[in-house]
Structures are given as C-alpha cells and as structure tokens.
Amino acid sequence: LPSGTLLPDAISRLSACISYLNTNGYSVENVYMVWCQGETDGDNGTTKADYKSRFLTMWGAMKTAGVQRCFVVRIGQYNGTGRSYDTIIEAQGELCKEQDDVVMINTELYSFKALGLMKDTFHYYQEGYNRVGTHSGGKMALYESMQSDPIMFDAKANNLFYTDKSL
C-alpha cells in the first residue's frame, strides 16, 4: 500500500528506469507491469473485497506513475493442508474481468503442485518460475500484437479461462 515501503520503492525504481532509458537514447513506448502476488494474503485470510480494494489502490498508484497495463500471473495452490488460496484466485480473476487495463496472462501456477514444481508451501523451483516467465512473456507479446485478452487453460476450473470485457 502507499503507506508501506514497497510501493513507493517500485515507483521510484520505475521512474529511475524510464529516466535512464530516455537519457540514453531509448524511446519508451509502453510501460507494463507483471503482478504475481497473493499467497501471504491467502495465508492471512484476506477477504476478496479487501484484496481487490488493496490491489486497486496499488494499481491506481502505478498508473499515476505511468504504467499502462497490468498483466496478472494468477497465484497457485497452497502446498500443504488446511489452507486454500481460492479467495485470492477468485479475486484476481474478477479484477481481470472488471478492469480494462488488467489482463490475466497466466493461470498455470495452480498445476505446479501436482507437477512437483513447488519447493515449499508457496514457492516454486526455478524450473517453474522459468516456465511461467517464458509462457507469460509469449502471451504478452501475442496480446500486444493482437490487442486481445488471451485464452488459456485453467487447471483449477479444468476449463478455459478468458475474459470478454465486452459482455
């Protein structure tokens, strides 16, 4: 949140990066961010309404700082017992359907528990991070060229995930 240290730090780093690029002869046409966060919110029992409100506060500050679009990598499962991240997963899906400038780019983390790609209760082995990064980057490039939200397999729902913001 704006009252913490992480958001102002991210905004400061973004500003420094854009300034550096502009000073060194680069033209910055698009400023996007990737969001993959929510496990601690799930651990803390954050409600869907609170998660969405906090996300929108953060997103508003990032837009003010010049970010044009947020690509969401939806969080995965808890790798243990007695806990679920379903509330946060649902909140992330709703945000992508409700916000024109927030796009679901990847849902595959949910399958990583079954694939043995988790190293503790909510972190992944490097192989998993590499896979998500590669797939997300490809989908972001496709989004940029087609200007259309991607359709992807959702292991949680055992169905396709897509957002049709025109409905």
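**Stop 1: Asp101.** Select Asp101, which sits in the loop between α4 (86-98) and β3 (102-106). Keep in mind as you look around that this is a predicted model. Is Asp101 buried or exposed? Its relative accessibility is 16%, so Asp101 counts as buried, the cut-off for that word being under 20%.

Now show the side chains around Asp101. Which side chain makes a polar contact with that of Asp101? Look for Trp59: the two side chains meet in a polar contact of 3.1 Å. Leaving aside residues up to four places away in sequence, Asp101 touches Trp59, Lys63, Gln68, Arg69 and Cys70.

**Stop 2: the sheet.** Next, switch to a cartoon view and pick out the strands. Three of them make an open sheet, ordered β1-β2-β3, and their pairing is parallel. Strands β1 (32-35) and β3 lie at the edges, each pairing on one side only. Going from one strand to the next, the twist averages 30°.

Zoom in on β1 and β2 (residues 69-73), a parallel pair joined by four bridges. Select Tyr32 to find one of the partners: its bridge partner in β2 is Arg69. You have met Arg69 already, as one of the residues that Asp101 touches.

Then move across to the other pair. Strands β2 and β3 also run parallel, and four bridges join them. Click on Phe71 and look for the residue opposite, which is Val103 in β3.

**Stop 3: covered and uncovered.** Stay with the strands and turn on the side chains of β1. Which residues are on its covered face? They are Met33 and Trp35, whereas Tyr32 and Val34 make up the uncovered face. Compare this with β3, which is mostly covered: five of its five residues are buried.

**Stop 4: helices on the sheet.** Bring α4 into view. This helix lies across β1, β2 and β3, and runs at about 130° to β3. After α4 and the loop that holds Asp101, the chain enters β3.

**Stop 5: two helices side by side.** Select helix α1 (residues 6-23) together with α3. Their axes are 10 Å apart, and the helices pack at an angle of about 25°. How are they oriented to each other? Angles under 35 degrees count as roughly parallel, and α1 and α3 are therefore roughly parallel to each other. Their contact is made by Leu7, Ile11 and Leu14 on the α1 side, and by Met58, Ala61 and Met62 on the α3 side. If you tilt the view to see one helix in front of the other, the crossing is right-handed.

**Stop 6: Gly45.** Finish by selecting Gly45, in the loop between α2 (39-43) and α3. Is this residue buried or exposed? With 54% relative accessibility, Gly45 counts as exposed, because that word applies to values over 50%. For a last step, add Ile88 to your selection and draw a distance line between the two C-alpha atoms. Gly45 and Ile88 are 43 residues apart along the chain, and their C-alpha atoms are separated by 9.2 Å.

Definitions and conventions
Residues are numbered from 1 along each chain as its sequence is written. This is a predicted model: local features need pLDDT of at least 70, side-chain atom pairs count only at pLDDT 80 or more; totals for chains, interfaces and linings use all residues. Side-chain values use heavy atoms; hydrogens and water are left out. Buried means under 20% relative accessible area, exposed over 50%, partly exposed in between (1.4 Å probe, protein chains only). A polar contact is a pair of N or O atoms within 3.5 Å; within protein, one must be able to donate a hydrogen and the other to accept it, and residues adjacent in sequence count only if both atoms are side-chain atoms. Contact means heavy atoms within 4.5 Å. Two strands pair if DSSP finds at least two bridges between them. Axes are lines fitted to C-alpha atoms, for helices over the stretch in contact, and angles run from 0 to 180 degrees between N-to-C directions. Angles under 35 degrees count as roughly parallel, over 145 as roughly antiparallel, 65 to 115 as roughly perpendicular and the rest as oblique. A crossing is left-handed if the near helix is turned anticlockwise from the far one by less than a right angle, and right-handed if clockwise.
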